[in-house]
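Here is a short tour for anyone meeting this structure for the first time. Have a look at the sequence and the model, then read on.

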There are 2 protein chains.
Amino acid sequence: MTSYERLTKVMNTVVDLGAAASVLGWDQETFMPDGAVEARAEQLATLSGLQHHHMVNDEAQAAVEAVRVDLASLPERKRRVAEMFIRDHERDLKLPESFVLDMARTASLAQDAWKRAKAKSDFTVFQPLLEKIVDLKRQESSILGGGEHPYDAMLDTYEPGLTTAQLTPVFDRLQKGTKEILDQITPAQSAVDDLVLYRSYPKDRQLSVAKTIISHLGFSGTTGRVDLSEHPFCTHFAHTDVRLTTRIRETDLRSCLFGLIHEAGHGMYEQGVSAELARTPSAQGASMGIHESQSLFWENVVARSEEFWSWAFPILRDAFPDQLKDQSVQSFYRAINKMQPSLNRVESDELTYNLHIILRFELERDLMAGTISVAEIPEIWNQKMHDLLGVMPSNDAEGCLQDVHWSFGGIGYFPSYALGKLYAAMEWNVMQQEIPDVRDRIANGDFTPVLSWLRLKIHDYGRTETPNEIIQRIAGRPLTETDFLSYVSTKAHHVYGL
Amino acid sequence: MTSYERLTKVMNTVVDLGAAASVLGWDQETFMPDGAVEARAEQLATLSGLQHHHMVNDEAQAAVEAVRVDLASLPERKRRVAEMFIRDHERDLKLPESFVLDMARTASLAQDAWKRAKAKSDFTVFQPLLEKIVDLKRQESSILGGGEHPYDAMLDTYEPGLTTAQLTPVFDRLQKGTKEILDQITPAQSAVDDLVLYRSYPKDRQLSVAKTIISHLGFSGTTGRVDLSEHPFCTHFAHTDVRLTTRIRETDLRSCLFGLIHEAGHGMYEQGVSAELARTPSAQGASMGIHESQSLFWENVVARSEEFWSWAFPILRDAFPDQLKDQSVQSFYRAINKMQPSLNRVESDELTYNLHIILRFELERDLMAGTISVAEIPEIWNQKMHDLLGVMPSNDAEGCLQDVHWSFGGIGYFPSYALGKLYAAMEWNVMQQEIPDVRDRIANGDFTPVLSWLRLKIHDYGRTETPNEIIQRIAGRPLTETDFLSYVSTKAHHVYGL
């Protein structure tokens, strides 16, 4: 047995345990009966503890030491896979098993508490568990160390290498640029009417159309499926087993349709990861930021383009002839691109979306630094909503309880969405150069070139490169907000006829 | 930490891993995309291997040795739980991890092959994997040893303590008694018309009525749910998380209705296991035979009684007014109790059902003894169907491919169904003595006394007693076929007006 084969056995066990935990997590969000919450928390804690154990036990350490010696002689991909495992291994070595168990158990209970809190619109129902989560995350940051800011370890979890100090000026320029565009379109706000989106659309037909569209985009039903859940998500148990969820609102056409296209963007990424990476820590997307660049590429760059709707609008109108009889491709395109400050991140537009992220980034950063407390979240949330977006939630459900992320311990996750937008705009610029007729292909409903390009440049690599390596390889430049600001400014001017 | 607490940690890990594997198994049968078969097989093999490892590793052995010393001083239930773990531990100590991994992987692939074979009605698609399974089971029997017959180890898996030598005379008398009753009713066969069962019943309403009925019986929707699958089953991940599946046939009213009541019988057993047994090897039914006594109690003793339908028939007629307008409680009661040899075990009646079991018992016993080969199954199956039941399958799908059991390696499982019938009849005799008005209560749709009696006498104990201890405690006698033959003879005479 070679040292790589020895490492492979360790990796397979760790990845299979992670996949099993993901199945249990998916089930918890989709089908699990309410009474099972506590038993499921114990099961997930056991799996998480075992996964941690197999990541760091004597055999893992011996396999890592053995493969280190052979790293230079391994083929490129295998070397990368081994390096990714070693990175995870070294990180987990620092985290005590008791800590990992506590985090898993808390996250499972917190997800239930968040659901109940949101249903009652009462932050205090969620507060004790969120306090526990923040406390655990501050411990985690302290254990992992290595950054200048306590938030750095959180960022590094989702976007390896990114620091609070690097992100802050990018977000500052992004906020400034966003506000400038917003100021330009505000006087023209009445030019775009999006009331068509809030007519009554039967739920079963919404789901059916959304499934039809993601199938056309390239999401495979042989290696994936779609279910319903409170908060939409994508999870995968293998590149051959990718699960999407969506939610449907009868009087909001965007929720199911764009939500499912978004999740399908994640899903196609996972379905596209090379089979040779299966059951290794590289059998997944490179980072949350790159992942979001895929979901947002499909949701926004593709499915909020005028070209896309010149193909898709007839399909939608066939499903909803009465509701859409007064609409044209152009009026519908403008409706789905109305840019206006609102309360809800998921339902916000391409322009103001990043302000929602900046709000969460600042909150998380300050929670991690200990300069604000969990109890203050509702008040600070509302204040920031007012300052950044000029709107004010009327209750916690539409305010600080709107997202699932904190309940599963995902502090540091939110910036990924904004990074995804920035990466997606950079990818789109390169794609247009390399596939000159890509807009025409989209207008013809031919998404093969788009998906093939993403497969070739991003998906196939899985997690064998860092986000910075990927974007440098594709665009020849590091992360920048300029491509996105240029893209969204052009779109804003087009939509508002400025 | 006491020795029992130390053992508890080991037991919790083993049981949680088993629960995770069960979630993955349930998902595979209900929702998993086709493309995921191989990845799922690997995941299940990993979980199964880990479960085996934690069952027998140094810590498990040390915990078992420590608790052995304290067994006599433990409270009764804890002593029983520890003894059950020690039994499983000693069994697993004999089975090499490589064997367990191979079995899990083979079973997962075989389930897929069986589905494809059944769809094509082609036994040869399934044959190579069944050959592998039989080969592995013969190895298992040889490794476990201890019995006079190679089949004994298979029986012991599902019905601890039962041997081929004990079972053979019981089944011989059962076969003889069954044939005598069958001979009596055959001339009166035309007296019972069951065509009403094969009218057209919309699937959604079938499912809705079946769910309503099991909810009335006592199956909790807070700690359980119902989905669809190719072959109906019940699985549990905790006493608070019990999953049933059913299948619906538009022109066969029995499939969904009685199938779901059967599975709900299993499910109520699992939901009724004492919470204090959670996450131990006793947090489940005592044996497959006792389990089937619960499912068959509800399906047959309760839901095929005239009293039951005097309550349930109006509910069913409300759902299907046109289909049932020419029916009375009595005519419907006779229809669902028509006793006539047929091809399909699941859809056969209370009387001839056991002949299907005896066929499978003889096949399994001879496969294990090596006196017949897997390749011969279709031919021998058909011959035995002719000899025992006087009918002949026209293809493998309605013949030897009808059951899922062999595909998951469940050789030795089938006899449990017949044992369940025998136990259920014994339980029913005692219940009628202890609850004199039980038939009236059923006729009023009040199932509380029935469920409470089963909870108290059986469910609460979980797997802390052997099947023989349970039936001795309840009935004061060991397993016998006499109660069942008396019960079914009375019913046959009533239904056929003899």
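Two strands count as paired if DSSP finds at least two bridges between them. Keep that in mind for chain B of this predicted model, where E1(B) and strand E3 (residues 241-246) of chain B are joined by five bridges and pair in the parallel sense. To pick out one spot in that pairing, find B:Val226: its bridge partner in E3(B) is B:Leu244.

**The sheet in chain B**

Zoom out a little and you get an open sheet of three strands, in the order E1-E3-E2 (chain B), and the pairing is mixed. Strand E1 (224-228) and strand E2 (234-238) of chain B are the edge strands, so called because each pairs on one side only. Ignoring direction, neighbouring strands of this sheet are turned by 20° against each other on average. As a bit of background, strands of a sheet pair through backbone hydrogen bonds, and they can do so in a parallel or an antiparallel way.

There's a helix to look at here too. Helix H10 (residues 253-272) of chain B lies across E1, E2 and E3 of chain B, and runs at about 165° to E3(B).

**Where the chains touch**

How many residues of chain A are in contact with chain B? The count is 31 residues of chain A, in contact with 31 residues of chain B. On chain A's side, the elements that give two or more residues are helix H1 (3-30), helix H2 (37-56), strand E1 (224-228) and strand E2 (234-238) of chain A. H1(A) gives the most, with nine residues. Sorted by class, the side of chain A that touches chain B has 14 nonpolar, ten polar and seven charged residues.

**A serine in each chain**

Next, a detail of the backbone. Most residues other than glycine have a negative phi. A:Ser121 has a positive one, and B:Ser121 has a positive one as well. Here are the two, with their values and places.

| Residue | Phi | Place |
|---|---|---|
| A:Ser121 | near 55° | loop between helix H5 (97-120) and helix H6 (123-144) of chain A |
| B:Ser121 | near 50° | loop between helix H5 (97-120) and helix H6 (123-144) of chain B |

Are these serines buried or exposed? A:Ser121 has 15 other C-beta atoms within 10 Å, so it counts as partly exposed. B:Ser121 is partly exposed too, because it has 15 C-beta neighbours inside 10 Å. For reference, a residue needs 20 or more to be buried, and 12 or fewer to be exposed.

Notes:
Residues are numbered from 1 along each chain as its sequence is written. Chains are lettered from A and ligands numbered from 1 in the order in which they are written. This is a predicted model: local features need pLDDT of at least 70, side-chain atom pairs count only at pLDDT 80 or more; totals for chains, interfaces and linings use all residues. Two residues are in contact if their C-beta atoms, placed from the backbone, lie within 7 Å. Helices (H or I, at least four residues) and strands (E, at least two) are DSSP runs, numbered from the N terminus. Ala, Val, Leu, Ile, Met, Phe, Trp, Tyr, Cys and Pro count as nonpolar, Asp, Glu, Lys and Arg as charged, and the others, Gly among them, as polar. Axes are lines fitted to C-alpha atoms, for helices over the stretch in contact, and angles run from 0 to 180 degrees between N-to-C directions.
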